[in-house]
Structures are given as C-alpha cells and as structure tokens.
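User: Please take a close look at one part of this structure and describe its setting. After that, say what else can be read from the model and where to be careful.

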Amino acid sequence: MAEGKMIAGQSRQSMMRSAMRTATDHVATGLAILATVLVVTPLVAIFGYLIYKGASSVNLAFFTEIPKPEGEVGGGMANAIVGSGVLLGIASLLGVPIGIGGGIYLAEFGRGTRMANAIRFTADVLNGVPSIVMGIAIYSLIVFQQKHFSAFSGGVALGIMMVPTVARTTEEMLLMVPNSIREAALGLGVPNWRSVLSITLKTASPGVITGCMLAFARVAGETAPLLFTALGNQFWSVDVNRPIAALPLQIYIYAISPYDDQHRLAWAGALVLIALIVLAVSLVRYVASRGILKGAS
Amino acid sequence: MADRTFSGLMLACAASIFAIVVLIATELIMQSQLSWHKFGLPFFYKFNVDPDTHLPLFWDPVNGTFYALPFLYGTLISSLLALLIAVPLAIGVAVFLTEMCPGFLRGPLSFLTELLAAIPSVVYGLWAMFVLVPLLREQVNPIFIGIFSAPWMVRLFGWTGLVGDDGLFGGVNLGLGLLAAGVILAIMILPIIASLTREVMSSVPHSQREAVLALGATRWEMIRVGVLRNARIGIVGSIILGLGRALGETMAVAMVIGNSAEIHKSLLSTGHSMASVIANEFSEATSDMHRSALIEIGLALFLVTILVNGLARLLVWAVTRGTPVRAN
C-alpha cells in the first residue's frame, strides 16, 4: 500500500512515526554514502598527488644513478632499488620456506589440535606487532652482537615479518584443497610427505604464491625495522655484511631533508614503490578472481 | 620414517612462530635491563622538575633523565583521535558495501580500500608532510581555533579548561602535531577496520535480515537490529585491531607529530609517540642508558600490542567462528 495514504483506523501518530522511520532510513543511507566518499577521497588524493609530483621525476637517471651529495641537483635511486632487491631476497629466503612449512603443519598435520590453534593465534598476534619492535629486537640480536649494521640483519628483520602472513595464507589455501585429492594420492600408495608436497601443495600453489606475494608487498614498503638494521647507504653496495640502501628508507631520508631536489626524488621513489605494490596486489586479485583451485574441483 | 621427519620439520617451522615471539621478548627484556634497574616502574609515570624553570623534565638524554610519560601520552592521544575519526567512517563504508552498494561498484570500491591498506607507511608520511600538514595549518585548524576561542564558547565551557587560548586548539598552529598524526593514522587504520567489519557483517546469517524485514522494518532498521546488533562483538574486535595498528604505527607518525618530548593539552602542539621516538633516536642514541630506555619503550609497545591484538582476535573469532579470519 502506498505510503502517506490515509487508511481507516490508522492514527495520525503512527503515520508520523512511519514518516520519521523513512526519514531516518534516508539519513542513514546518506551517511553511509558520505562515509564511502570520504574514504575514497584521500586515496584518490594520495594517488593523484603522487602521480602529479612523481611522474615528472621518474626518468632514466632515477633508475641508473646513485644519489648526488646533499644540495646537488639530479641523481637517482639505483642503489636503493638494488638494495631493496637484496633485502627482499634475504627476507624471502628466510620467510617463505618457514612460512609455507608452518602453513603445511597447520593445515595438514595439526588440523584441529590445540597446538595448531595456539600457533594460529600466535601468528595472528605476531602479525600485529609493530615493525619497529621487530627492528630493535633484530638490532639487539644481530647488530649489537656484530657491532655493525648490515644488509643481512635488515633482511632477517623483514623475513621474520613475512613468516606469520605466509603461514596463515598457506594454511587457508591448503584447507581449500578437497580431501578427495589427498585420499586419491594416498590410495595410490604415495607416501604422505610426497602427497603433501607434490599433490596438495601443488594444487594450492597459485594461492600460496599469492600469499607470498602479499607478504612480499607488505615488507617491501617497510621502513621502520630497516632504520637500525640495514641503516641505508648513499653508495653502491650489495655486500650483505655492510649497510645497504633501501627504497623506503631513501624515501624517508629524502622526505625529511631540507632540499627541494631531494623532495622531488622522494616523490619519484614513492611512485615507483607504489607502482610495484599496486602491480603485486592487482596480480593477486586477478589470480584470486580466476578461482584459485579451478583445476582441482 | 621419511614421513616422521617431514612432519617433524613442518612442526618445527610452525613452532618457529612461537620461537620468534619468545626471542623478541627475551631480547627486549635483556637489553632494557639497564634502564629498568635505574628507573623501575616510575619510568612510565614519573618525571623530574627543572629547578630553574619549575617545568616538568621528562626526557633529557644529555643529563641522563629518561621518563617515558610524554610518549605514552602522545601514543594514546593520537590513537584515540584516529579511532574517533576512523570508526564512524569505517562502519559507514562497511554498511554501504555490504547492504546498500550496487553490485557494479562493490568490486572496485573494495579494491580501492584494499589498496589503501597496501600503501606503505612512509608514503603516507610523505603525503602527510607535504599535503595534509599545510592543509591542516591553512584551512582546517583556523576553523577549529575560531570556534574554540570564540567568546561564547569560553563563556559556556570555560570551566572545562578545554576551550580558549590554552585549550584543545590553543598555542601555535604549526600544522605538525598530535592532530596531524591522528588524521593520518585514521586514514591508515580505516581499511583494516572497514574490511574486518565487512567480514563480520557478512557472516551474519541472511535469515536474520529476512526476519527483521518481514516485520516491516525499513532498510536502516534491518541493518541496525538485524545486522549491527548481531555483529557488534566482531565490530568491537575489529576496532581494537585498528587500535593495535595505530599504537605501533611508526613512520607516518614520526614524520608529522613534530617530535618533541613534552606534554601539552593542545591538539595542535607537537609531541612524540612511543614508536616515533624509537625511530628518531635509536640509531643515534648517545649512551647505553639512552638505548636501554628506548628498548624499554619498545618492550612496553610490544606487550601492549600483543595484549590488544590478542583481545581483538578473540573477539573477531567469537563472531566469525568457522570461517577463518583473514591473515592480513
């Protein structure tokens, strides 16, 4: 029945109430839309400004030259890009195998046990520990003992941060593999470890790789733990025992410097970093939307 | 035999997650012994008084005075500001995306909010330094200053001590400060709260919505009674999780909070958070005691975030039990 039409027996008061309720409904809808607009605005603002400020400075020199001394114009972040690569390489060597192993335990061996639940909970909590705390812990553990900053310690700090994320996503992906596949493998007389590695893990591998890339993208932008492990370096270095440059670290150093030309480079560095991360996230979403386990089911 | 070895190896990998937590805790405890023995618990709430100026003296690496109160204050205020701004917006977005959004917008919008979560802290800091801080200084803060020091505000609320020239918006308007830190933190924790809230909201069974609608409720009443009320524990959990992120967020805060170890009532005044002071001073710590004091602050941050995150996870789990919580 159309609203607002006088119906026999319906009092004026209840009509008022109904109008109020409709009004509240509209107001709430409006507020929800407003909230969404307010959230999307800063994102668009950040991206727009990043492209506006960064695009003009992303040139060949940015990728091929090392930083110029303070106050001089020009230079690039080639050493920082390579340094980030070295750091992320060390981090992945450490974080990915341990993380995947942990995920395999959670999904295949410990499923439902109290031990697995405790580990899962710890992983989720560890995920929320601030990265700067990881930084000072690794500082005390490695840098303080060795008496010098190094790429190795920075890589370890990032690698440790990858473990819980990789483990949890691996677990979730493995849990999506249907049991019939495991049973089929075991039914053919394959030993359990081979079944897990070359049947279950392989079936879930697109998802597992997705998880690893998400963890990778996350630590790629980390700055705080590198401040007192990798420390940063204005020159070329790929020596794991010496301080090394990293893209986010260089962005930070340039951002707080007083020189306009370094600000320019900071924007360019931020644009490159974001481009890499957006690429990773989009790739992940593309893989996820294609149905990770399509071949399996 | 090979099976036993393999499962043992996998268990070792999983157990290393415990080991990491234990390792971090022992390292931080051992390295903070120096300041713990010198200052004890008062480290977190006491301060010295400057004999000449009679002003409180919290943190003076040159003379060996280390009290962490300003950092606790800065962390708390900036995080609370962030929650105050982020929570209503995040719930609004979650409501819009789960209940109201036309299908074609849902994918792009949730992709955008996910991207917001993927931007590194240092890039937020860069943007905040060069865009947000000038914006606050020139456009936003003057409005608040105008309202808060208007004569009628002082007449009505002067007794609270929150208005006027020494109130919440008194002092020098630098743009940098607690307010700027709160705003950038809000932008950073929004996607976490929004996506988790969305997850708990969509785990409310459809029959709940249908039942409320069948009683003749409007859409908003359906959302309020049928969805939000059922998901409230999980929403609180996601808010606490956002708080956990805000407490430990480092780079963006360090770049806009102004970096001064003082306590002022004004939100426009500069400050320091626990994470930002470590980031700023650690690699240039002037003495072993200085370093030890900073590590003790890190230990406190570690314990607080573990407690906060543990609580949040339990709350979110209580609601989405059965469907595993996303690892992010």
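Analyst: At a relative accessibility of 29%, Glu114(B) falls between the cut-offs of 20% for buried and 50% for exposed, so Glu114(B) counts as partly exposed. This comes from a predicted model. Glu114(B) lies in helix H4 of chain B, a helix that covers residues 103-118. Along the chain, Ala194(B) is 80 residues away from Glu114(B), yet the C-alpha atoms of these two residues are separated by 9.7 Å.

As for confidence in chain B, the average pLDDT is 88, and 98% of the residues in chain B score at least 70. One stretch needs care: over residues 323-328 of chain B, pLDDT stays under 50. The model has 22 contacts beyond four places in sequence for residues 323-328 of chain B. Where pLDDT is low, predicted coordinates should not be read in detail. For the complex, the predictor gives an ipTM of 0.88 and a pTM of 0.89.

Chain A offers a helix pair to look at. Helix H3 of chain A (residues 78-109) packs with helix H6 of chain A (residues 151-175) at an angle of about 30°, and their axes are 6 Å apart. Angles under 35 degrees count as roughly parallel, so H3(A) and H6(A) are roughly parallel to each other. The crossing of H3(A) past H6(A) is right-handed. Sorted by class, the contact between H3(A) and H6(A) has 22 nonpolar residues, 9 polar residues and 2 charged residues.

Technical notes. Residues numbered from 1 in each chain as written. Chains lettered and ligands numbered in written order. Predicted model: local features only at pLDDT ≥ 70, side-chain atom pairs only at ≥ 80, totals over all residues. Heavy atoms only, no water. pLDDT = per-residue confidence, 0-100. Contact = heavy atoms within 4.5 Å. Axes fitted to C-alpha atoms, helices over the stretch in contact; angles between N-to-C directions. Helix = DSSP H or I, 4+ residues; strand = E, 2+ residues; numbered from the N terminus. Parallel < 35°, antiparallel > 145°, perpendicular 65-115°, else oblique. Left-handed = near helix turned anticlockwise from the far one by under 90°. Nonpolar A, V, L, I, M, F, W, Y, C, P; charged D, E, K, R; others polar. Buried < 20%, exposed > 50% of the residue type's maximum accessible area, 1.4 Å probe, protein only.
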